[in-house]
Amino acid sequence: QVQLVESGGGLVQAGGSLRLSCAASGRTFSSFAMGWFRQAPGKEREFLAAVSWSGGTKRYADSVKGRFTISRDNAKNMTFLQMNSLKPEDTAVYYCAAGVWVRFASSPTDWGQGTQVTVSS
């Protein structure tokens with residue numbers, strides 16, 4: 001099991017940027033894929049982005065492709081989500097997750113507690 005703690009959420013105006021961070025502990029960080037999901041009020045949790053254990057392969061949901069960038073620093077056990085050109089519809093609780101690459105989008109194994117992102121119009 002891995003413990004995940006997100007930070008960096010907050011309130012931002014439409015068109016602005018935020019950078020979310022996720023600190024991991026408890027297992028060898030470089031052995032699993034990392035990624036981000038979000039859940040808006042009244043909606044299901046949505047996959048956003050994932051990065052492979054090496055950082056060499058990345059995957060994005062169409063809703064954020066070109067605006068969000070995922071990265072990881074295995075030396076610091078950290079994963080990041082750079083969010084640019086934010087829109088009011090990006091408002092949600094954002095979750096960091098860890099898991100196996102091939103089934104990451106459908107069933108990650110570990111979750112953080114979430115961080116709120118609010119985009120004002």
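I started with Leu81 and listed its contacts, leaving aside neighbours within four places in sequence: Leu18, Arg19, Leu20, Trp36, Leu48, Ala49, Phe68, Thr69, Ile70 and Tyr94. I note here that the model is predicted.

**Core.** I then looked up where Leu81 belongs. The largest nonpolar core has 35 residues, and Leu81 is among those with the most contacts inside it, along with Met34, Met83 and Tyr94. I checked which elements give two or more residues to this core and found strands E3 (18-25), E4 (33-39), E5 (46-51), E7 (68-73), E8 (78-83), E9 (92-99) and E11 (115-120). For background, nonpolar side chains in soluble globular proteins tend to be buried together.

**Cys96.** I found Cys96 in strand E9. Cys96 counts as buried because its relative accessibility is 0%, and the cut-off is under 20%. Beyond four places in sequence, its contacts are Leu4, Glu6, Cys22, Met34, Gly35, Trp36, Asp110, Trp111 and Gly112. I also took the C-alpha to C-alpha distance from Cys96 to Ala49: 9.8 Å, with the two positions 47 residues apart in sequence numbering.

**Arg72.** Which side chain of opposite charge is nearest to Arg72? I found Asp73, 8.3 Å away; Arg72 is buried and has no salt bridge. Arg72 sits in strand E7. I looked for polar partners instead and found two backbone oxygens. The side chain of Arg72 reaches that of Phe32 at 2.9 Å, and a polar atom of the same side chain lies 2.9 Å from that of Ser52. Not counting residues up to four places away in sequence, Arg72 touches Phe29, Ser30, Phe32, Ala33, Met34, Val51, Ser52, Trp53, Gly55, Met78 and Thr79.

**Salt bridges.** How many salt bridges does the whole structure hold? My search gave 4.

- Asp62 and Lys65 meet at 3.2 Å, N to O. Asp62 counts as exposed because its relative accessibility is 66%.
- Asp90 pairs with Arg67, the closest N and O atoms being 2.7 Å apart. Asp90 lies in the loop between E8 and E9 and Arg67 in the loop between strand E6 (58-60) and E7, so the pair ties together parts 23 residues apart in sequence. Both Asp90 and Arg67 are buried.
- Glu46 pairs with Arg38 at 2.8 Å between the closest N and O atoms. Glu46 counts as partly exposed at 28% relative accessibility, whereas Arg38 counts as buried at 7%.

I last checked how these pairs connect: Arg38, Glu46, Arg67 and Asp90 are linked in a network of salt bridges.

Definitions and conventions: Residues are numbered from 1 along each chain as its sequence is written. This is a predicted model: local features need pLDDT of at least 70, side-chain atom pairs count only at pLDDT 80 or more; totals for chains, interfaces and linings use all residues. Side-chain values use heavy atoms; hydrogens and water are left out. A nonpolar core is a set of buried Ala, Val, Leu, Ile, Met, Phe, Trp, Tyr and Cys residues joined through side-chain atoms within 4.5 Å. Buried means under 20% relative accessible area, exposed over 50%, partly exposed in between (1.4 Å probe, protein chains only). Helices (H or I, at least four residues) and strands (E, at least two) are DSSP runs, numbered from the N terminus. Contact means heavy atoms within 4.5 Å. Lys and Arg count as positive and Asp and Glu as negative; His and the chain ends are not counted. A polar contact is a pair of N or O atoms within 3.5 Å; within protein, one must be able to donate a hydrogen and the other to accept it, and residues adjacent in sequence count only if both atoms are side-chain atoms.
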